[in-house]
Amino acid sequence: MLFKRVSGILLHPTSLPSRFGIGDLGESAYRFVDFLADSFQQLWQILPLGPVGYGNSPYSCYSAFAGYSLLISIDRLVGDGLLSNDDLANLPEFHLEKVDYQSVEEVKAPLLRKAYQNFCQQPNPEQKQRFQDFCQQQQHWLDNYSLFRAVKDENGGVAWNFWPEDIASHKATAVEAARERLASDIGYHKFLQFVFFQQWQDLRNYAHQRGVKIIGDIPIYVAHDSADVWANTRFFCLDQKTLGSSTMAGVPPDCFSDTGQLWGNPIYLWKRLEENNFSWWVQRLKTMLEYVDIIRVDHFRAFESFWAVKPGETTAIQGKWLKTPGEKLFQVLAEELGDIPIIAEDLGIITPEVEALRDKFNFPGMKVIQFAFDSDRANPFLPYNYVDRNCVVYTGTHDNDTTMGWFLARSPEAQARVRDYLGCISPEGIHWSLIRLAMSSVANVAIFPLQDILGLENWARMNMPSTATGNWEWRYHPDALTRELSDRLKYYTWLYGRAP
């Protein structure tokens, strides 16, 4: 898929400002879209929108289909008449540039419960009909997800394979009994999804009005403790006795970790998925395309072959590569969904076979400027080595340090290599030097984390791979997006031919 020459910003909605301690889909999200449009940015890239589990990672969610309820705008619920201003009295003061997920949960969860109670009690036929329509349209994932969350709550939040055996095994009689027993809680979780996607679609429609498209992000794997695995155990490699992950997903040692990354996700039983004509994957991408415009596929290389680690290992060193029927999958997806707007995250250990799969379907790959300066002149991330315009260049991704943090952590000799390539560092800072380098490249698309636009150092890093806690917490200050910043970004976007 070929993109025109454009640029955009990477920012997860949790990083938006708000008075509730976490970014949400309220006023700040609309003002961020305005900043994008006013700065000539035509793309907004986000991380996965799903309901996060342990560690608060958007790449480890309770569902590959559902939305994260803590992103729901409480202020918009007030505007919809489902809460009152009195309900918001005595809100605590949250940190302006960091998310404390537990504190946010303690404040927002009771408000969301009250909104649901008011929704049930208020006679609003039009709103009730929209809710019923949503539940019917999304039934293919919503019924299992809402039941999963209700049973999980009933069992104190433990992973589903520790539930009573009959419901853990998804037996029909136990499922029906739980649906009756937990009807109110199931309704609550359906309501949260209804509100989330209603607010998200309103925001996306506004972005479209302002000429901004959304790049979503889809992890290749799903979390073991998810409605997806619980309701579809036949598609995953699980221990038959414990129902836990058997062979696990990860990657071998790389530049991020000397011991590799052991993610712990169950690997797919690809043969069964293929026998089912990949219907689970078709539905997953079809649903996602209802809410985003372009899909960045995380860990694309696993569609050609994936790193499998046997049970009992504590690192990803001892694993092996296994083949994936990726070509057949993408052929089916193309037949079912047409020309799929996909960006392939092709970083890490990439083989000619992976490149061939990517190129067969004309998916643009990724280039990361921070990776360009630590080898010889043939480094594929150096802009003069981009042989194909059909790619997306980043200063860094959510897994990288900020550009300022990256540069300051380099040795004097390593910093000198960057200076030599650039000729000189812009008076505006190394972050703008690399932004301009990416902007001026032949890549059709250039994306920058907002932290790089703001010139923030290591403290603003979004994620440190192979660490389970302390990530995904950064938020930008409410006063950060100045007119001066917008004008600078707008000028460079025009200068390098990426303006609308």
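**Reading Trp270 and helix α13**

Reader: Which residues does Trp270 touch, not counting those up to four places away in sequence?

Author: Contact means heavy atoms within 4.5 Å, and by that rule Trp270 touches Phe278, Trp281, Phe303, Phe306, Thr324, Pro325 and Leu329, with residues up to four places away in sequence not counted. This is a predicted model, in which local features need pLDDT of at least 70, side-chain atom pairs count only at pLDDT 80 or more, and totals for chains, interfaces and linings use all residues. Residues are numbered from 1 along each chain as its sequence is written, and side-chain values use heavy atoms, with hydrogens and water left out.

Reader: Is Trp270 buried or exposed?

Author: Buried means under 20% relative accessible area, exposed over 50%, and partly exposed in between (1.4 Å probe, protein chains only); Trp270 counts as buried because its relative accessibility is 7%. Trp270 lies in helix α10, residues 270-275, where helices are DSSP runs of H or I with at least four residues and strands are E runs of at least two, numbered from the N terminus.

Reader: Which residues of helix α13 are buried, and where do they lie around the axis?

Author: An α-helix has 3.6 residues a turn, so residues three or four places apart point the same way. In α13 (residues 352-360) the buried residues are Val354, Leu357 and Arg358; they cover an arc of only 100 degrees, taken from the directions from the helix axis to the C-beta atoms, and therefore sit on the same side of α13.

Reader: What do the buried residues of α13 pack against?

Author: They pack against α12 (326-337), β9 (342-344) and β10 (365-368), while just after α13 Asn362 takes a positive phi of about 60 degrees.
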